[in-house]
Amino acid sequence: MKLQAFESIRVDKYISDEFEEIPREKIKTFIKNKKIKVNNKAIKPSYKLEVDDEIDIDDELFEVPEIKPEPMALKIVYENDDYAVIDKDENVIVHPAGSIISGTLVNGLLDKYGYEGLSHIGGDDRPGIVHRLDKDTTGLMVITKNNDSYKYMKTLFETRKFDKEYIAIVHGNFDKKSGRIENYMDRDINNRRKMAVRSSGRIAISEYEVIKEVEGYSLVKIHIITGRTHQIRVHMTDINHPLVGDPVYGNVKTNFNLDHQLLHCRFIGFTDQNGQYISFKADPHAIFLKYQNVLGLGD
């Protein structure tokens, strides 16, 4: 693989930020073994790139160890021969990444359906996966069982014909109780493991509506029209309403012993291959409900 540098930064950090699922130590090892070069020359991990430098990476860096089936208590909301709708728990990574090859949703899917019972054109490390939720975001996901259903679902996402609605608990109270956020998102120039609202990047569109509020906190419904990485978390932070508990984008001190964002995908809907619009709902999980009630944002 070849990359072109667009900023002046250490080469090992640049590659690590670009491929965050690959451990930085592995990248350093590849550089030392001359399996990563810059402008066709061997370099050190500390080498500082210049803009437009060409980075040549041995494809071996991206090879994934065998992913093994593991029993997992999957919450299956619905399934047929083409797909399954599941309700994902918190603290579950969707697919293997870097040194993490165990305990992911994919491990559980392989145990239940087997490799041949899942789509696999999305990557050997991502059988069945056509879209993702963050590790600690709970709620509804679609898993595809064959390559035809994967292609169909992928098209729905790309053409924005797959409906997704989330609920979140955020800091602060809104002057405008509903609205549309439309801007561009790209990697944060100061921390490329994060996303940020920038003039560059891809368009990101979210619509929100306040469901209930108390002093200092709001329960918000969010419909995402695009599906950028960390979109809701970035958008809410950008309008000064970061998600409660968000360890990456929040940076708001609370009295809660909470280390992850309170975000749940509670509704999905789409038109299936037979031309029928179908939808599914899932109530927020126990930890979300706990803080919803503690804050007085329950029904």
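**A buried asparagine and a pocket**

A polar atom of the N107 side chain lies 2.7 Å from the backbone oxygen of K68. The model in which this pair is seen is a predicted one. A further polar atom pair links the side chain of N107 with the backbone nitrogen of G103, at 3.4 Å. N107 itself belongs to helix α3, which spans residues 105–113. With residues up to four places away in sequence left aside, N107 touches I67, K68, P69, E70, I101 and S102. K68 thus appears twice in this picture, as a residue that N107 touches and as the owner of the backbone oxygen at 2.7 Å from the N107 side chain. N107 counts as buried because its relative accessibility is 0%, and the cut-off for buried is under 20%.

Attention now turns to open space in the model. Rolling a probe the size of a water molecule over the atoms shows where empty space is left. The second largest pocket has a volume of about 250 Å³. Three elements each give two or more residues to the lining of this pocket: β8 (163–171), β13 (263–271) and α6 (286–294). Of these, α6 provides the largest share of the lining, with three residues. In total, 15 residues line the second largest pocket, and those nearest its centre are I167, R266, D283, P284 and D299. By character, the lining residues comprise seven nonpolar, five charged and three polar ones.

Definitions and conventions
Residues are numbered from 1 along each chain as its sequence is written. This is a predicted model: local features need pLDDT of at least 70, side-chain atom pairs count only at pLDDT 80 or more; totals for chains, interfaces and linings use all residues. Side-chain values use heavy atoms; hydrogens and water are left out. On a 1 Å grid over the protein atoms alone, a cavity is a set of points where a 1.4 Å probe fits but cannot get out, and a pocket is an open set with protein on both sides within 12 Å along at least five of seven lines; lining residues have an atom within 4 Å of a point. Grid points are joined across faces, edges and corners, and a volume is the space filled by probe spheres set on the points. Helices (H or I, at least four residues) and strands (E, at least two) are DSSP runs, numbered from the N terminus. Ala, Val, Leu, Ile, Met, Phe, Trp, Tyr, Cys and Pro count as nonpolar, Asp, Glu, Lys and Arg as charged, and the others, Gly among them, as polar. Buried means under 20% relative accessible area, exposed over 50%, partly exposed in between (1.4 Å probe, protein chains only). A polar contact is a pair of N or O atoms within 3.5 Å; within protein, one must be able to donate a hydrogen and the other to accept it, and residues adjacent in sequence count only if both atoms are side-chain atoms. Contact means heavy atoms within 4.5 Å.
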